[in-house]
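Reader: I have a protein structure to look at and little practice in reading one. Could you take me through it slowly, giving the general idea before each case?

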Amino acid sequence: MPVPGYAHSGIEKLSESLTYMQGLVTCARLNDQAPHSASLSLAMAVEAMLGIEVPPRGSYQRVVISELSRLAGHLSWLSIQTETAGEDRVWRQAMQLRAAVLYTMDRLTGVGMGTGLLAIGGQAADFPADFKECGLALSSSVRVVVARLHGQLMGNRLWRDLVERVAELSAVEAADWGLTGPTLRACGTQSDLRKTEPYLAYGDLDFDVIVGSNGDALDRCRVRMEEMIQSASLIEQALRSMPAGPWRSEDPRVFPADNSAQVRERVEVMIRHMQLWTEGHGLRVPAGVEFYQATESPNGELGVFLCADGTDRPYRLHLRSPSLLNFQVAGGLIAGLPIEQARQALCSLNIVPSEMDR
């Protein structure tokens with residue numbers, strides 16, 4: 001589905017359509033499997049340009065949100081991959097587990113696929129008091145269910161015949177095409193921005209970068225399934241070690257009112273609040289400043305390039321969406337394959353159409 005405000009080329013003058021703050025909601029439409037991933041990249045890019053720091057508690061919360069999004073994206077892929085292969089047993093369990101992930105997200109946003117939680121400077125609200133228990137229960141379920149699904153899928157000889165040594169990519173070929181994420185790691189390349197260029201609280205957490213060896217469809221599937229186990233571990237670590245304190249910046253440019261009650265009770269705060277939202281919060285970056293921020297989304301490197309012109313709206317916004325680059329190799333990978341293997345090879349790339357048609 002096209003994303004309003006973004007050109008097909010991914011770069012456009014936005015001074016008539018988006019403010020820095022409003023862009024978070026629009027960016028979320030980039031990936032319907034994991035809508036928070038693009039919003040996070042944009043928020044971090046704007047925060048870096050404006051010199052806004054997110055408190056430690058907010059960084060840990062963002063790790064939880066990011067890994068929940070990764071789980072939702074990978075489970076969406078798993079359901080498509082197995083449904084296409086006729087593996088109804090795995091497909092049903094994957095959909096049930098994804099529903100549990102969305103229910104957990106619902107505890108934060110009010111809607112399973114909602115995107116109103118992330119804000120520039122932190123989160124719009126703190127985690128609920130009982131969310132830690134809910135998140136830990138989910139991470140435990142993910143470990144058990146994904147391990148079971150991994151055994152069921154990898155032990156299916158008929159399915160392995162469709163993906164093993166099929167649509168192979170070498171590490172050199174993947175790098176030459178600019179591939180990232182599980183597709184690149186399946187070729188044996190240990191490339192993960194959470195490790196190589198740690199952001200948020202990832203540098204304080206322990207996790208493994210899952211890699212393959214053959215770069216075939218089987219390795220791409222195995223990498224994603226094992227990454228779900230790592231995501232469950234990261235959620236558990238972040239929830240257990242999350243520090244106390246504020247969850248968002250105290251910078252008055254982005255969060256001017258101490259609480260919502262002041263907006264309702266004090267007329268001057270109400271006027272200021274309305275003025276900030278209608279005039280783009282007054283956030284202005286000097287003309288000519290450019291910045292690129294990349295994060296490790298479920299499908300690979302998701303980058304945001306911003307160029308300022310001195311107003312409260314970005315002059316240019318360019319999105320590096322991983323599906324757009326990963327799809328480049330699809331034609332060559334499936335050439336000459338039987339239809340059953342070609343379908344599995346395409347599914348193993350996990351191409352999200354909305355990341356390409358924008």
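Author: Let us begin with a term that we shall need at once: two residues are in contact when they have heavy atoms within 4.5 Å. Please keep in mind throughout that this is a predicted model.

Reader: With that cut-off in hand, which residues does Gln-61 touch, not counting residues up to four places away in sequence?

Author: Leaving those sequence neighbours aside, Gln-61 touches Gln-123, Ala-125, Asp-126, Phe-127, Met-242 and Trp-247. Gln-61 itself lies in helix H3, and because its relative accessible area is 0%, the residue is classed as buried.

Reader: How many helices and strands does the protein chain have, and what share of its residues count as buried?

Author: The chain contains 15 helices and five strands, and of its 358 residues, 56% count as buried. Contacts give a second view of the chain: among those between residues at least 6 apart in sequence, 74% join residues at least 24 apart.

Reader: How should I read the length of a helix, taking H4 as the case?

Author: The idea is to compare an expected span with the distance between the two ends. Helix H4 covers residues 88–109, and at 1.5 Å a residue its 22 residues should span 32 Å; the end C-alpha atoms are 31 Å apart, so the two values agree. The 25 residues of helix H10, residues 217–241, should likewise span 36 Å, and its end C-alpha atoms are 36 Å apart, which agrees. H10 is also mostly covered, since 18 of its 25 residues are buried.

Reader: Which residues of H4 are buried, and what do they pack against?

Author: The general idea comes from the turn of the helix: an α-helix has 3.6 residues a turn, so residues three or four places apart point the same way. In H4 the buried residues are Val-90, Gln-93, Ala-94, Leu-97, Arg-98, Val-101, Leu-102, Thr-104, Met-105 and Leu-108. The buried residues of this helix pack against H2, H3 and helix H5, which covers 131–154. Just after H4 comes Gly-110, which takes a positive phi of about 90 degrees.

Reader: Where is Ser-69 found, and is Ser-69 buried or exposed?

Author: Ser-69 is found in helix H3, and it counts as buried because its relative accessibility is 5%. Apart from residues up to four places away in sequence, Ser-69 touches Gln-33, Ala-34, His-36 and Pro-298. Its C-alpha atom is 8.5 Å from that of Val-101, although the two residues are 32 places apart in sequence.

Reader: How do I find empty space inside a structure, and how many cavities of 30 Å³ or more are there here?

Author: Rolling a probe the size of a water molecule over the atoms shows where empty space is left. A search of the whole structure finds three cavities of 30 Å³ or more, and the largest cavity has a volume of about 90 Å³. Its lining includes Ser-69, together with His-36, Tyr-199 and Pro-298 among others. Helix H2 (36–50), H3 and strand E3 (290–297) are the elements that give two or more residues to this lining. By class, the lining of the largest cavity has four nonpolar, six polar and two charged residues.

Reader: How much space lies in the second largest pocket, and which helix gives the most to its lining?

Author: About 150 Å³ of space lies in that pocket, and H3 gives the most to the lining, with three residues. Helix H3 (56–85) and helix H15 (339–349) each supply at least two lining residues, and by class the lining has seven nonpolar, three polar and one charged residues. Among the lining residues are Trp-77, Leu-346 and Cys-347.

Reader: How many disulfides does the structure hold, and where is the cysteine sulfur nearest to Cys-347?

Author: A disulfide would need a pair of cysteine sulfur atoms within 2.5 Å, and the structure holds zero disulfides. Cys-347 is in no disulfide, the nearest cysteine sulfur being that of Cys-221, 8.6 Å away. Cys-347 counts as buried because its relative accessibility is 14%.

Reader: Is there a residue that touches Leu-346, which you named in the pocket lining?

Author: Ile-334, in helix H14 (residues 330–334), is in contact with Ala-342, Ala-345 and Leu-346, leaving aside its neighbours within four places in sequence. At 24% relative accessibility, Ile-334 counts as partly exposed.

Terms used: Residues numbered from 1 in each chain as written. Predicted model: local features only at pLDDT ≥ 70, side-chain atom pairs only at ≥ 80, totals over all residues. Heavy atoms only, no water. 1 Å grid on protein atoms, 1.4 Å probe; cavity = no way out; pocket = protein on both sides within 12 Å on 5 of 7 lines; lining within 4 Å. Points joined across faces, edges and corners; volume = space filled by probe spheres on them. Helix = DSSP H or I, 4+ residues; strand = E, 2+ residues; numbered from the N terminus. Nonpolar A, V, L, I, M, F, W, Y, C, P; charged D, E, K, R; others polar. Expected span 1.5 Å × (residues − 1). Buried < 20%, exposed > 50% of the residue type's maximum accessible area, 1.4 Å probe, protein only.
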